[in-house]
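Trainee: Could you take me through one part of this model at close range, and then set it beside a second part? I would like one connected account rather than a list.

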Amino acid sequence: IVFDASFRPYCEENLCGQYGANYSCPPDCGTPEEMKQRVLSNKKALVLSTEWEIEDFSQTDKIKEAKARHNAAMLRLIEKLKSIGHDGFMVGASGCSLCKTCKLIDGKPCKHPDKMYSCMSAYCIHVKKLAEDCKINYDYKDNILPFFGMYIFD
């Protein structure tokens with residue numbers, strides 16, 4: 001897994017609207033180095049990818065729906081892995097969306113700290129390099145958009 005802290009400013013641009021508004025996103029999720037160490041303190045990473053037919057990048061509603069479905073599928077798989085003793089944590093295709101509005105906004109603690117997940121960008125993971133190393137398609141082509149995630153465990 002290649003980490004690149006120079007990706008963090010993309011989160012700070014706040015194009016997704018979650019910077020400072022979601023426990024799973026910067027600055028609340030941790031520094032790039034803290035996030036890296038969280039991953040590296042485990043022995044294994046299951047890299048997951050789903051592909052979605054998206055005709056155009058302007059179809060933001062379809063992209064958001066695809067990301068949500070990708071993360072939901074990952075959460076279902078992770079529940080099964082945890083049930084057979086593979087305890088770990090998820091790195092998603094976007095920041096956590098388990099709650100409609102993150103409790104951070106109200107100054108309350110996270111409702112799902114055991115399920116909350118941060119995105120690959122928050123971890124400063126070089127997703128393109130990861131995909132190449134795993135021999136998984138990274139590029140959007142022929143109207144197919146891939147999303148990535150990981151399950152980190154021992």
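**A loop residue and an enclosed strand**

Mentor: In this predicted model, the side chain of Gln18 makes a polar contact with the side chain of Asn22, at 3.2 Å. Gln18 itself is placed in the loop that lies between helix 1 (8-12) and helix 2 (32-40). If the neighbours within four places in sequence are left aside, the residues in contact with Gln18 are Cys25 and Pro26. With a relative accessible area of 28%, Gln18 counts as partly exposed, because that value falls between the 20% under which a residue is called buried and the 50% over which a residue is called exposed. As for its position relative to a residue further along the sequence, Gln18 is separated from Cys134 by 116 residues in sequence and, C-alpha to C-alpha, by 29 Å in space.

The second part is strand 2 (residues 88-92), where five of the five residues are buried, so the strand is largely enclosed by the rest of the structure. Strand 2 is joined by four bridges to strand 4 (residues 144-153), and these two strands run antiparallel; within strand 4, the residue that stands opposite Met90 is Tyr151. Strand 2 also pairs with strand 3 (residues 118-119), here in the parallel sense and over two bridges, and Gly92 stands opposite Cys119 of strand 3. To put the two parts side by side, Gln18 is a partly exposed residue in a loop between two helices, whereas strand 2 is largely enclosed and has pairings with strand 4 and with strand 3.

Terms used. Residues are numbered from 1 along each chain as its sequence is written. This is a predicted model: local features need pLDDT of at least 70, side-chain atom pairs count only at pLDDT 80 or more; totals for chains, interfaces and linings use all residues. Side-chain values use heavy atoms; hydrogens and water are left out. Buried means under 20% relative accessible area, exposed over 50%, partly exposed in between (1.4 Å probe, protein chains only). Contact means heavy atoms within 4.5 Å. A polar contact is a pair of N or O atoms within 3.5 Å; within protein, one must be able to donate a hydrogen and the other to accept it, and residues adjacent in sequence count only if both atoms are side-chain atoms. Two strands pair if DSSP finds at least two bridges between them.
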